[in-house]
Amino acid sequence: MAIQVSSELLDGSVLALLATQDYYGYALTQRVQQSISVSESTMYPVLRRLKKNGWLTTYDEPYQGRNRRYYQITEDGRKQLAIIQLEWQTFKTGIDSMLGDEPNHD
């Protein structure tokens with residue numbers, strides 16, 4: 001896909017997935033990659049940024065003798081997700097009206 005995903009949309013995508021369940025990094029990357037093209041090296045800076053902003057938190061769980069780091073959305077993260085979803089709907093409606101997916105009101 002030639003269309004670039006903005007950092008805000010990537011943030012929103014990650015927050016939306018974490019709103020449904022906690023994920024460890026690799027599983028979260030795999031889940032995002034099911035919908036959009038994004039490299040693993042892109043995802044970890046996103047996760048660090050979201051954590052720095054207080055929109056997610058982490059905890060470790062033992063797995064086969066090692067620890068897996070899980071990511072969990074915070075209440076502030078849920079509020080940010082709601083903001084991004086609202087902005088996305090406004091943006092999407094505008095683009096859809098130009099591309100022809102929405103009825104033309106002229």
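Let's start with aspartate 11, which is buried, with a relative accessible area of 7%. Please keep in mind that we are looking at a predicted model. Which residue does aspartate 11 meet in a salt bridge? The partner is arginine 49, and the gap from N to O is 2.5 Å. Aspartate 11 sits in helix α1 and arginine 49 in helix α3, so this pair ties together parts that are 38 residues apart in sequence. Unlike its buried partner, arginine 49 is partly exposed, at 30% relative accessible area.

In general, side chains of opposite charge can pair when their charged atoms come close. How many salt bridges does the count come to here? The count is four, and I'd like to show you two others, both within helix α4.

One joins arginine 78 and glutamate 75, with 3.8 Å from N to O. These two are three residues apart in helix α4, which means about one helical turn separates them. Arginine 78 is partly exposed, at 37% relative accessibility, while glutamate 75 counts as exposed, at 55%.

The other joins aspartate 96 to lysine 92, where the closest N and O atoms are 2.8 Å apart. Here too the spacing is about one turn of helix α4, with the two residues four places apart. Is aspartate 96 buried or exposed? Aspartate 96 is buried, because its relative accessibility is 10% and the limit for buried is under 20%. Lysine 92, at 31%, is partly exposed.

Now let's go to the nonpolar interior. The largest nonpolar core has 21 residues, and the ones that touch the most other members are Val14, Leu18, Leu28 and Val32. Which elements give two or more residues to this core? They are α1 (7-20), α2, α3 (40-52), β3 and α4 (75-99). Helix α1, where we began with aspartate 11, gives the most to this core, with five residues.

Have a look at valine 14 on your screens. Leaving out residues up to four places away in sequence, valine 14 touches Leu28, Val32, Met43, Val46, Leu47 and Leu50.

Met43 comes up again with another residue, threonine 29. Threonine 29 lies in helix α2, which runs over residues 25-33. With the same kind of sequence neighbours left out, up to four places away, threonine 29 touches Glu40 and Met43. How accessible is threonine 29? Its relative accessibility is 1%, so threonine 29 counts as buried.

Next come the aromatic rings. A pair of aromatic rings is described by the distance of the centres and the angle of the planes. Searching the whole structure gives three aromatic pairs. Tyrosine 24 and tyrosine 70 make one of these, an edge-to-face pair with 5.6 Å from centre to centre and 75 degrees between the planes. This pair links distant parts of the chain: tyrosine 24 is in strand β1 (residues 23-24) and tyrosine 70 is in strand β3 (residues 66-73), 46 residues apart.

Tyrosine 70 also pairs with tyrosine 59, and that pair is stacked: 5.5 Å between centres and 10 degrees between the planes. Tyrosine 59 is in strand β2 (residues 56-63) and tyrosine 70 is in strand β3, so this pair ties together parts eleven residues apart in sequence. Why is the 5.5 Å pair called stacked? It is because its planes are 10 degrees apart, and stacked means under 30 degrees.

As for accessibility, tyrosine 70 is buried at 19%, and tyrosine 59 is partly exposed at 27%. Put these rings together, and Tyr24, Tyr59 and Tyr70 form one aromatic cluster.

There is a charged visitor to the rings as well. The charged end of arginine 68 sits over the ring of tyrosine 24, at 3.7 Å from its centre. Which other ring does the charged end of arginine 68 sit over? That ring belongs to tyrosine 63, and the distance from its centre is 3.5 Å.

Let me finish with the annotation. An unreviewed UniProt entry places "domain: Transcription regulator PadR N-terminal" on residues 14-82. In the model, that span is 54% helix and 26% strand. The C-alpha atoms at the two ends of residues 14-82 lie 13 Å apart. Thanks for listening, everyone!

Methods
Residues numbered from 1 in each chain as written. Predicted model: local features only at pLDDT ≥ 70, side-chain atom pairs only at ≥ 80, totals over all residues. Heavy atoms only, no water. Buried < 20%, exposed > 50% of the residue type's maximum accessible area, 1.4 Å probe, protein only. Contact = heavy atoms within 4.5 Å. Phe/Tyr/Trp six-rings, centres within 6.5 Å; stacked < 30°, edge-to-face > 60°. Lys NZ or Arg CZ within 6 Å of the ring centre and 35° of its normal. UniProt positions renumbered as here; feature names shortened; annotations may be inferred. Core = buried A, V, L, I, M, F, W, Y, C linked by side-chain atoms within 4.5 Å. Salt bridge = Lys/Arg side-chain N within 4 Å of Asp/Glu carboxyl O.
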